[in-house]
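The following note collects comments on the fold, the backbone and the nucleic acid surface of the structure shown below. The points are numbered for ease of reply.

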Amino acid sequence: MRIATWNVNSVKAHLEAVLAWLKEAKPDVVCLQEIKCEDQAFPAFEFEALGYACAIHGQKTYNGVAILSRFALEDVVKGLPGDPADDQARFIAATVVDGSLPVRVASLYLPNGNPAPGPKYDYKLAWMQRLKAFAVETMKLEEPLVLCGDYNVIPEARDARFPENWCNDALFLPQTRAAFRELESLGLTEAYRALHPLKTGAYSFWDYQAGAWQKDNGIRIDHHLLSPQAADRLAAAEIHKHVRGWEKPSDHVPVMIILK
DNA sequence: ATGACATATGAGATATGA
């Protein structure tokens, strides 16, 4: 099963690139973030024409997440549990079944958190604790679970071209990285790093500004976290870097894993 | 360098991003 995550920075503005990549990479399941539209404005017809079912948790202007799947989407849950007052569309989960293999998949858009310190950073850290609680509960089922999305976390210095530039940033603060490690300590495996333990220069985001792409000034912030039952099946993890060089690209590129 | 770029909203300038 090929499971991808991609922050598309508006699914409508970058629809052509998304469709082109789907045809090229042929993922089975795609977790989208920052779709930046409400459910009724989501271009479901275009995705259905390529054979994908859609589960959408949209929001006007900001945020918004979705899951595309060649398999039926079951038991869809919208919104991250733990705070009824949180109305930001940053989380959707569904179960996909490939023959005898059911996988619980989540598409998450973790808050940026800047500026830090401040209320936005507090929200980010609280959101990460809610994600941890969700993972704890879901992992009790002892089934394959794949938490994918834009984590807005640079896990280690080698995940940035210029880590010194990020020392005071909410994506790289020690407290942020510690919260990410707390997730891993539950028994979740970060797929790309697990398969490429020594790799440097692997990024998933390049800013639009200041020629970041041309200078390869990137960061790796889009991740898949796998439960033990999913990690047992992990066969590959790829960053589709070339997509950043396309016409009118998102500032993030797709990251895809393969489960056998 | 509280900017650069890019997106959405809405019709100019502002909020957000990472």
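1. Secondary structure. Helices are DSSP runs of H or I with at least four residues, strands are runs of E with at least two, and both are numbered from the N terminus. On that basis, chain A contains six helices and 14 strands. The model is a predicted one, and every value quoted below should be read accordingly.

2. Overall dimensions. The C-alpha trace of chain A extends over about 45 × 45 × 40 Å along its principal axes. Its radius of gyration is 17 Å, which agrees with the value near 18 Å for a compact globule of 260 residues. Of these 260 residues, 44% count as buried. Among contacts with a separation of 6 or more in chain A, 68% link residues that are 24 or more positions apart.

3. The six-stranded sheet. One open sheet has the strand order β5-β6-β7-β8-β12-β9, and its pairing is mixed. The edge positions belong to β5 (73-78) and β9 (189-190); each has a single partner strand, so one side of each lacks a neighbour in the sheet. At the β5 edge, four bridges connect this strand to β6 (residues 91-98) in the antiparallel sense. Within that pairing, V77 has A93 of β6 as its bridge partner.

4. An unusual phi value in β5. D75 is part of strand β5. Although D75 is not a glycine, its phi is positive, at about 50°. Is this residue buried or exposed? D75 is exposed, because 9 other C-beta atoms lie within 10 Å, and the exposed class extends to 12 or fewer.

5. Strand β14 and its two partners. Four of the five residues of strand β14 (residues 255-259) are buried, so the strand is mostly covered. Strand β1 (residues 2-7) runs antiparallel to β14 and is joined to it by four bridges. Strand β13 (residues 234-239) is also antiparallel to β14, with five bridges between them. I257 of β14 appears in both pairings: I3 stands opposite I257, and A237 likewise stands opposite I257.

6. The two sides of helix α1. Which residues of α1 (residues 15-25) are buried? They include V18, W21 and L22. These residues cover an arc of only 105° around the axis and therefore lie on the same side of α1. E16, K23 and E24, on the other side of the helix, are exposed. After α1 comes K26, which has a positive phi near 50°.

7. Cis peptide bonds between β7 and α3. Two cis peptide bonds merit attention when the backbone is reviewed. The bond from N114 to P115 is cis, with omega near -5°, and P115 is placed in the loop between β7 (101-109) and α3 (119-139). The bond from A116 to P117 is also cis, with omega near 0°. P117 belongs to the loop between β7 and α3 as well.

8. The loop between β10 and β11. D216 lies in this loop and has a positive phi near 55°, although it is a residue other than glycine. D216 counts as partly exposed because 13 other C-beta atoms lie within 10 Å. N217 is found in the loop between β10 (205-206) and β11 (218-219) too. With 17 C-beta neighbours inside 10 Å, N217 is likewise partly exposed, since a buried residue would need 20 or more.

9. Contacts of N217. Which residues does N217 contact, leaving aside its neighbours within four places in sequence? The contacts are R161, F162, W206 and A212. A further distance concerns Y203, which is 14 residues from N217 along the chain: the C-alpha atoms of the two residues are separated by 8.7 Å.

10. The surface near DNA strand B. There are 24 residues around DNA strand B, of which S10, A13, N112, Y208 and Q209 come nearest. How do the residues of this surface divide into nonpolar, polar and charged? Nine are nonpolar, eight are polar and seven are charged.

Note on methods: Residues numbered from 1 in each chain as written. Chains lettered and ligands numbered in written order. Predicted model: local features only at pLDDT ≥ 70, side-chain atom pairs only at ≥ 80, totals over all residues. Near = placed C-beta within 6 Å. Nonpolar A, V, L, I, M, F, W, Y, C, P; charged D, E, K, R; others polar. Pairing = 2+ DSSP bridges. Rg over C-alpha atoms; globule rule 2.2 N^0.38 Å. Contact = placed C-beta atoms within 7 Å. Arc of directions from axis to C-beta.
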